[in-house]
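Work through the exercises below with the coordinates loaded. Try each task before reading its solution.

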Amino acid sequence: MSQNKIAPLSAVLFDVDGTLADTERDGHRPAFNAAFQEFGLNWYWDVELYGKLLQITGGKERIRFYLEKYAPDALNRENLSDWIAKLHKTKTRYFLDLLEKGNIPLRPGIARLINELRQQGIKIAIATTTTLENVTSLLKFTLGEESINWFDVIGAGDIVPQKKPAPDIYHWVLEQLALQPQYCIAIEDSENGLKSSLSAGLKTIITVSEYTHSQNFHGAALVLTDLGEPDKQPTILSGDASILNNKWIDANNLVTLMEKTRNS
């Protein structure tokens, strides 16, 4: 894909969980619970508890945090890190099964915006802490097998040492794209994601999810319920609504957002 030479917007970087799809409540959470059951554990992460655990970024890190706070006796397990990795791998298997069954659709506007960006020659990338297997499977089962190749860069999983809210994954993706952050926009759904993208110097749009709607999004360029569709417009929660000429997020008003920023 060639870089856009005219518009100030060169790339859009997408988070995955909660941004591309509402994967957390009805995807990762039940997958974790199924893995716990398979391992003979009497743990159960209900909706409220999982919301608290989402403050910890990364599945393996979330398991370790749960052990430290709710099941400290299990910290004495031999080869704890290996055991956590196996448990997380089992959880991923259940999550991929949910994806394959079509139980986790994309959020409003995602497929439309990705296609618009491709048509305009604007690069698209992924910057996430979820595993590469989760990302590619989500793309495959929602946008089709070929969609994996639409993305110029996919940054996922343990490819960087520190996960969000650290900016490492965004720095890595920008380096692979060979682009400066002032020419790119990030789309996120969480406070941790926003901290990560802002620390990397990226203008950021937030589409809140069920678990993140009450978080602090100070510094975001726009905060909306979702990207919207022509027949179902989003609610703008904060930011400069004047850029939304069509009342939903499309490729053209992302370019407008960058132009306004450049000229202000």
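The exercises go from the whole chain to one strand and then to two side chains.

The model is predicted: local features need pLDDT of at least 70, side-chain atom pairs count only at pLDDT 80 or more, and totals for chains, interfaces and linings use all residues. Residues are numbered from 1 along each chain as its sequence is written, and side-chain values use heavy atoms, with hydrogens and water left out.

**Exercise 1. Compare the radius of gyration of the chain with the globule rule.**

Step 1. The rule is 2.2 Å times the number of residues to the power 0.38, and the radius is taken over C-alpha atoms.
Step 2. For 264 residues, a compact globule would come out near 18 Å; the chain has 18 Å, so the two agree.
Step 3. Add the extents: the C-alpha trace spans about 55 × 35 × 35 Å along its principal axes.
Step 4. Add the burial: 56% of the 264 residues count as buried (under 20% relative accessible area; exposed is over 50%, partly exposed in between; 1.4 Å probe, protein chains only).

**Exercise 2. Place strand β2 among its neighbours.**

Step 1. Helices (H or I, at least four residues) and strands (E, at least two) are DSSP runs, numbered from the N terminus. The chain has 9 helices and 7 strands.
Step 2. Find the partners; pairing requires at least two DSSP bridges. β1 (residues 11-14) pairs with β2 in the parallel sense over 4 bridges, with A11 opposite K123. β3 (residues 153-155) runs parallel to β2 and is joined to it by 3 bridges. There, V153 is the bridge partner of A125.
Step 3. Check the cover. β2 spans residues 123-127, and 5 of its 5 residues are buried. K123, A125 and A127 lie on one side, I124 and I126 on the other.
Step 4. Trace the connection. β2, helix α6 (residues 132-143) and β3 form a right-handed β-α-β unit (strands pointing away from the viewer, the path from the first strand over the helix to the second runs clockwise).

**Exercise 3. Is S137 buried or exposed, and what does S137 contact?**

Step 1. S137 sits in α6. Its relative accessibility is 11%, so S137 counts as buried.
Step 2. Beyond neighbours within four places in sequence, S137 contacts L96 and L99 (heavy atoms within 4.5 Å).
Step 3. A polar atom of the S137 side chain lies 2.9 Å from the backbone oxygen of E133.

**Exercise 4. Which residues does N33 contact outside its sequence neighbourhood?**

Step 1. N33 belongs to helix α1 (residues 24-38). At 10% relative accessibility, N33 counts as buried.
Step 2. Leave out neighbours within four places in sequence; W43, Y44 and W45 are in contact with N33.

Conventions
Polar contact = N/O pair within 3.5 Å; in protein donor to acceptor, adjacent residues only side chain to side chain.
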